[in-house]
Each structure stands twice: as C-alpha cells, then as structure tokens.
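Colleague: Hi! Could you walk me through this one? I'd like to start with the aromatic residues.

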Amino acid sequence: MRNSLYLKKYVQMHPDNKMGWYLLGKEYEKEGQLGKANYCFNRSGGIYEAFETSKMPSDIWKEYEQRLLQQAEERERRSVRLRRLLVAVMVLLLALVPSVDAPSRHRKAQEAPAVHRPDPAAGKERAQADPQGGGKEPVTEKGAVMFTAVKEGGLEKGVTPIAPGPLAHPKLLGSRLAVLEMKKQGNWLAWKRRLPVGYTLENKGSGAVAYQSYDPKTCSCRPEDGDKLAKAASAWTEKQEELALLSSAIRAYQSQTGQYPKKLEDLVRPFPDNWISGTTEGMKEAFLPLVQRARAEAAGQKQDSSDAEKGGGAARKGPFADTWGGGPYFDDPLTILVDKQNHRLAVVSGNVMLRNYKVGLGGERTPEGRFAITDKVMNPNGRDDGEFGSRGMQLSDTNYAIHGTNEPDSVGKDESQGCIRMSRADAEELFDLVPMGTPVIISKGGLPDDLLAPQEKFRTKREQDQTNPRKTYHWL
C-alpha cells in the first residue's frame with residue numbers, strides 16, 4: 001500500500017511516464033484492485049505489452065521501480081518539511097498580530113477563512129446551499145465549499161484513480177476545499193459521520209492557495225467558522241453514505257437484470273424486489289446522475305484532468321458539486337466483510353471502512369467464502385421479536401443469513417448454528433445501509449477490534465412492504 005501511494009504521487013507529477021503507470025498498475029494488481037490496475041495498464045500503453053510478454057529479468061524493472069519510489073519519498077519528505085514550515089510561519093504571524101495597532105486589518109484576517117462570501121462579479125450575496133439537501137441544486141460558485149476526506153495527515157484518500165492535486169492545480173479548487181481526516185485502523189481508513197476538518201485550501205487567484213489549519217494539535221488558532229464548517233461537513237458525510245448505497249444498488253441491479261433502472265422506483269419495490277429499503281431526498285436528486293456515471297464507467301469512459309479542470313475540480317452544479325473530483329466520494333461498491341476470528345462485520349468501500357459491528361457467529365459452523373445478499377426481509381416469519389429479530393438478509397442460495405436475534409447476549413460469541421447475529425439496532429441499520437446484491441466475504445482475520453457503529457444510525461424512508469408472509473425461514 002505504501003508503494004502504491006508513492007507511485008500515485010509520482011504519476012501525478014509525471015502523467016506521461018508510462019513506466020510509472022505500469023508499476024502503479026502492478027501494485028494495484030498485488031492488492032487485488034483489478035479495476036484500478038487495468039486503468040493504469042491502459043495508461044502505460046506499450047510498456048504493459050512489452051513487460052508482460054517479455055522474459056526480461058524482474059530485477060531490472062524492480063530496480064527502476066525502486067528508483068521511482070526513492071524519488072517519490074524524497075518529494076514527500078520535502079513536502080512534509082514545507083507544510084511544517086508553513087504552519088510554523090502561520091503560528092508566528094498569529095502570535096505577532098495582537099501587537100500590531102491595526103484593528104481593522106486584524107478583523108479582516110479573522111474573517112478571511114469564512115465559508116461563504118459575496119461574489120463581487122454578481123454584486124450581491126449568493127444563496128447558501130442547504131447542507132441537508134432540501135431538494136435544492138448545490139452549485140460550485142464563488143464562496144462555496146467542496147469537501148473530501150483523506151488519511152489523517154495526508155492529501156490522498158487512496159480509493160480513486162489518480163486525480164490532479166489541489167496544490168499542483170489550484171484553479172481546480174473552484175473556491176475552497178475542506179479536507180476531512182480519517183484515522184487509520186489496521187489496514188483501513190475509518191469513516192465517521194462526524195469527521196474532523198483538518199484544514200482548508202482556498203483559491204486566492206493567480207495560482208495562490210491559502211492554507212488554514214483547523215487541527216488544534218498543529219495550530220492554536222480557532223477559525224470563526226469552525227462550528228459552521230463542521231456542521232456542513234457532517235451533512236456531507238451523511239450524503240456520501242446515501243450515494244454509496246444508491247450507487248451500489250444501481251450496479252447490483254444492472255449485474256442481476258442486465259439493464260439499468262429507469263427510475264428510482266425500480267429499486268424501491270415490495271419484497272422480493274426491494275433492492276434498497278427506502279429513499280432520501282438526496283438519493284432522489286442523485287439517481288439519474290449516478291445512472292449516467294455507471295453507464296459511462298461501463299463504457300470505459302473516465303474523467304481525466306482536463307475534464308476536471310473544465311469543471312473547476314467538481315461538477316459546477318448537481319448532487320456532486322460539493323465533492324472534490326466531481327463525483328460521489330465512494331467509487332467502489334459497498335462490500336460486507338465478516339471476520340470469524342474477531343467476531344466483526346464491516347461495511348467497506350475500497351480501503352475505507354464505513355461500519356464495524358460486533359456480531360455473533362457459529363464458530364466452525366459459520367461457512368467461509370464469498371456470498372451475496374439475495375433476500376432482504378423485514379420481520380422474518382411474521383415477527384420482529386423472534387429468533388431472527390426484526391431484519392434478515394439471506395446469503396445466496398443457502399440456509400445462512402445475517403439477522404437480528406432475541407438473544408442479545410449471544411452477540412460476540414459462537415452460539416449460532418452458522419448464521420451471523422447482530423443487535424437489533426445494528427441489524428436495522430445494516431438493512432438500510434446496503435442493497436440487495438451486496439457481496440459478503442466471510443473469512444478469519446482482517447478486521448480491527450475497534451467498533452465503528454455510530455449512535456445516530458443511518459436510516460432511509462421506507463414505504464414499500466418488505467415482509468414475506470408466504471415463507472417460513474429456517475436459517476441456521
């Protein structure tokens with residue numbers, strides 16, 4: 001993973017270096033991310049064919065790879081030193097401000113990081129986009145804020161194809177980019193509903209970018225818009241969970257039926273066609289754009305840096321206008337991982353972990369392998385307090401399922417006959433969070449012990465009948 005991060009930085013700085021793209025593709029291939037590997041191999045052109053079909057000793061290209069990594073590491077060290085120097089200078093300037101007899105100038109410096117500003121070209125205050133959606137169409141305009149999330153202390157989230165960096169291409173910022181930070185948990189980045197704002201980058205024009213830290217560990221400053229920005233960030237993270245659900249459902253529907261849904265209602269039908277449990281206002285707005293993106297990706301169409309540059313780093317309007325890169329944050333479909341060793345069930349997208357629940361299992365009676373959610377049932381066998389609780393999600397054509405339980409003390413233990421038991425609250429959130437068709441991979445190890453289950457659960461507005469009174473389930 002470390003090598004791939006450095007190689008990504010290298011090809012970002014040298015997009016015409018075909019060997020760099022080839023080596024990055026090999027790293028993705030080793031990590032099992034074949035879609036990203038193929039994208040990189042396509043960018044590498046004839047290099048891929050030359051190395052894959054030749055009998056050239058592997059140590060030759062490994063030596064070349066090592067040189068690239070050393071160069072990237074050196075750039076990273078220089079970048080870290082530069083950022084630290086920048087923070088030190090900012091702290092020093094802030095320390096000197098009170099001694100300057102210029103109240104109006106000090107006030108202007110405090111107001112500089114404000115989230116929304118009037119647009120001089122329009123000559124009037126522009127309307128602020130409703131952070132909850134409200135059916136309004138967000139627009140990337142002067143004073144608006146875009147968001148992204150990265151590993152704590154980094155600039156790359158590591159789950160999307162290479163994109164131009166905001167510092168290398170400041171005009172892609174549009175106006176202002178707020179960077180949220182995720183902590184590392186084992187091999188995963190931990191997603192939370194309330195991710196802290198690490199810093200903002202603001203386009204000041206003429207290629208200048210203003211950096212403002214919001215991390216009290218690196219800056220003693222307290223930006224006036226901190227609370228306001230945190231609230232907007234929370235709304236953004238909630239919206240990205242909705243888009244991840246909807247995007248995964250569209251792909252699963254196409255994979256199963258061979259066609260894309262024509263309208264959102266195609267995904268929200270009564271059992272057994274309840275691909276998703278319900279909708280939100282944000283999902284209604286994003287449905288058609290997400291279908292269009294899915295079609296484009298299936299046709300092999302990828303947004304490159306020139307497209308992003310024309311769009312100001314994001315779509316100028318629509319459901320993705322508030323996200324760096326011009327699309328939903330989560331690129332990879334949602335997947336469920338079950339760790340029999342640690343009694344954990346996680347929902348992941350790429351290397352980002354959205355949830356990590358405690359579950360009950362059946363020890364060796366719980367099968368290992370790859371499955372998919374084929375039935376999503378509310379109140380299995382006509383009850384919400386029976387042995388399967390209020391929600392059940394069957395795993396492929398088997399007698400195993402993920403479900404609730406009327407024995408909550410068994411969660412975290414090996415007391416089932418093979419099924420995966422969850423607490424009522426967790427089972428109901430998972431039912432809403434993942435669509436039918438979601439892959440489920442059961443194995444031993446791989447998930448951290450730290451739980452990742454927010455008190456404020458993910459919920460959709462359910463309207464269709466999702467019970468199945470015609471069948472008696474005999475899950476194990």
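Modeller: Happy to! Phe147, Trp191, Trp236, Tyr329 and Phe330 together make up one aromatic cluster. Keep in mind that this is a predicted model.

Colleague: How many aromatic pairs does a search of the whole structure find?

Modeller: The search turns up 9 aromatic pairs. One of them joins Trp191 and Phe330 in an edge-to-face arrangement, with 4.7 Å centre to centre and 65 degrees between the planes.

Colleague: Why does that pair tie together parts that are far along the sequence from each other, 139 residues apart?

Modeller: Trp191 sits in the loop between strand S3 (188–190) and strand S4 (197–205), while Phe330 sits in the loop between helix H9 (305–310) and strand S6 (335–339), so the pair links parts 139 residues apart in sequence.

Colleague: And are Trp191 and Phe330 buried or exposed?

Modeller: Both Trp191 and Phe330 are buried.

Colleague: New topic: which residues touch the most other members of the largest nonpolar core?

Modeller: That core has 64 residues, and those with the most contacts to other members are Trp191, Leu267, Ile336, Leu345, Ile402 and Leu430. Helix H7 (residues 226–257) contributes the most to this core, giving 11 residues.

Colleague: What does Ile402 touch?

Modeller: Leaving out residues up to four places away in sequence, its contacts include Ile336, Leu345, Arg391, Met422 and Leu430.

Colleague: Arg391, nice. Which ring does Arg391 lie over?

Modeller: Arg391 lies over the face of Phe431, 5.3 Å from the ring centre. Arg293 lies over the face of Phe320, at 5.7 Å from the ring centre.

Conventions:
Residues numbered from 1 in each chain as written. Predicted model: local features only at pLDDT ≥ 70, side-chain atom pairs only at ≥ 80, totals over all residues. Heavy atoms only, no water. Core = buried A, V, L, I, M, F, W, Y, C linked by side-chain atoms within 4.5 Å. Buried < 20%, exposed > 50% of the residue type's maximum accessible area, 1.4 Å probe, protein only. Helix = DSSP H or I, 4+ residues; strand = E, 2+ residues; numbered from the N terminus. Contact = heavy atoms within 4.5 Å. Phe/Tyr/Trp six-rings, centres within 6.5 Å; stacked < 30°, edge-to-face > 60°. Lys NZ or Arg CZ within 6 Å of the ring centre and 35° of its normal.
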